Amino acid sequence: MNHGGISDFRSDTVTRPTEEMRRAMYEAEVGDDVLRDDPTVLKLEEMAAEKLGKEAALFVPSGTMGNTIAMKIAAEEGTEVLLEEKSHIYNFESGNISRLVGALPRPLPSKRGVIPLQVLQQNYHAGERLHIPSTKAISLENTHNYWGGAVLRPEYLQKVGEFSKEKGLHFHLDGARIFNAAVALGIPARELARPADSVMFCLSKGLSAPVGSLLVARKEFIEKALYVRKFLGGAMRQAGILAAAGIVALNKMVDRLAEDHSRAKKLAMGLSSIRGIEINPEEVETNIVIFRLRRMKVENFLEELKKDGILALGFGPSRVRMVLHKDLDDQDVEKALRSISRILS
Ligand code: TLP
């Protein structure tokens, strides 16, 4: 089911709200969330905290803001944050760790989002020397966008959690797509969230709500987050209108993510048999499909695809990203495979 004949594979952020979301938005009971009396926002926050197994939650306008707030509280000027070199927070969030926190982001290599424990250990600085910033936080991403929706396992997260505790670090999880990870593993999202001190997740991606993300953590952390959200200009008034769609997203849109995952697999399998494309379908675990073009330039490829009513994103000099979501069905996948075969033949 595409919109206006266009099959939009650019991102799961393009999903339109469902009828039920629109109805819930229309009917939402609202208050003033800056005064903390919007009942729908409070209900969404309570649900989010419960689903992620944390004490409290805060509704924020975007994933970027949720991550930035977490970093602002977890680290401080002149300290350091360990993160993965291809992470969204490091590459695509306007340099906020440096600009707004004043901390040094230290990008570390990984195997598809998994930074070896030894690498974390080697890069941890206790700050005992005046000229070396002390490490305050670790941030990981689950699922990992750049690594094609790769899933971090609970056993690994547990080890990072233990390391963080031992060193007194804050462990933040950019869980923009944490429900995709949970559905792929067949476990509740709270099992992935447990080792982390804070988690940000998005309602506006595969869960299809129009706007919003949540930051979940302990109560004291979320109390501080309330101040930082205000300082960043992210406090909204009758935000219950938006939160209402988020409640529907959490109640109704999580289990269906499995459909996106199986379509992503189908697309990846199809792509792997097209000459001129490099992809390992085994690596596709969730809703993101990334492949390399062997000969054609990405811009020309995207241009040709567009002529067939298909949109995708360039993700680096020879990489293309296609993301599955609720507004794409089997026919869209078949149409894309036909078009790509034609373009590369
Ligand atoms: N990702 C967007 C683009 O920015 C690339 C997308 O289309 O995938 N963490 C992760 C892992 C993300 O993928 C994104 C958005 C964010 C954070 C930021 O969320 P927003 O866009 O709500 O600020």
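This report describes how two domains of one chain meet and how one strand sits within the structure.

The model is predicted, so local features need pLDDT of at least 70 and side-chain atom pairs count only at pLDDT 80 or more, while totals for chains, interfaces and linings use all residues. Residues are numbered from 1 along each chain as its sequence is written, and side-chain values use heavy atoms, with hydrogens and water left out.

The domain assignment, which is automatic or taken from a database, divides the chain as follows.

| Domain | Residues |
|---|---|
| Domain 1 | 7-14 + 256-344 |
| Domain 2 | 19-252 |

The centres of domain 1 and domain 2, taken over C-alpha atoms, are 28 Å apart, and the contact (heavy atoms within 4.5 Å) takes 17 residues from domain 1 and 20 residues from domain 2. Between them the two domains bury about 1,600 Å², 50% of it on carbon and sulfur atoms, where buried area is the accessible area (1.4 Å probe) that two parts lose on being put together, summed over both. On the side of domain 1, Asp12, Leu257 and Glu285 lose the most area to domain 2, together 33% of what that side buries.

Strand S2 (residues 56-60; strands are DSSP E runs of at least two residues, numbered from the N terminus) is largely enclosed by the rest of the structure, because five of its five residues are buried, that is, under 20% relative accessible area with a 1.4 Å probe and protein chains only. Ala56, Leu58 and Val60 lie on one side of S2 and Ala57 and Phe59 on the other.

Terms used: Buried < 20%, exposed > 50% of the residue type's maximum accessible area, 1.4 Å probe, protein only. Helix = DSSP H or I, 4+ residues; strand = E, 2+ residues; numbered from the N terminus.
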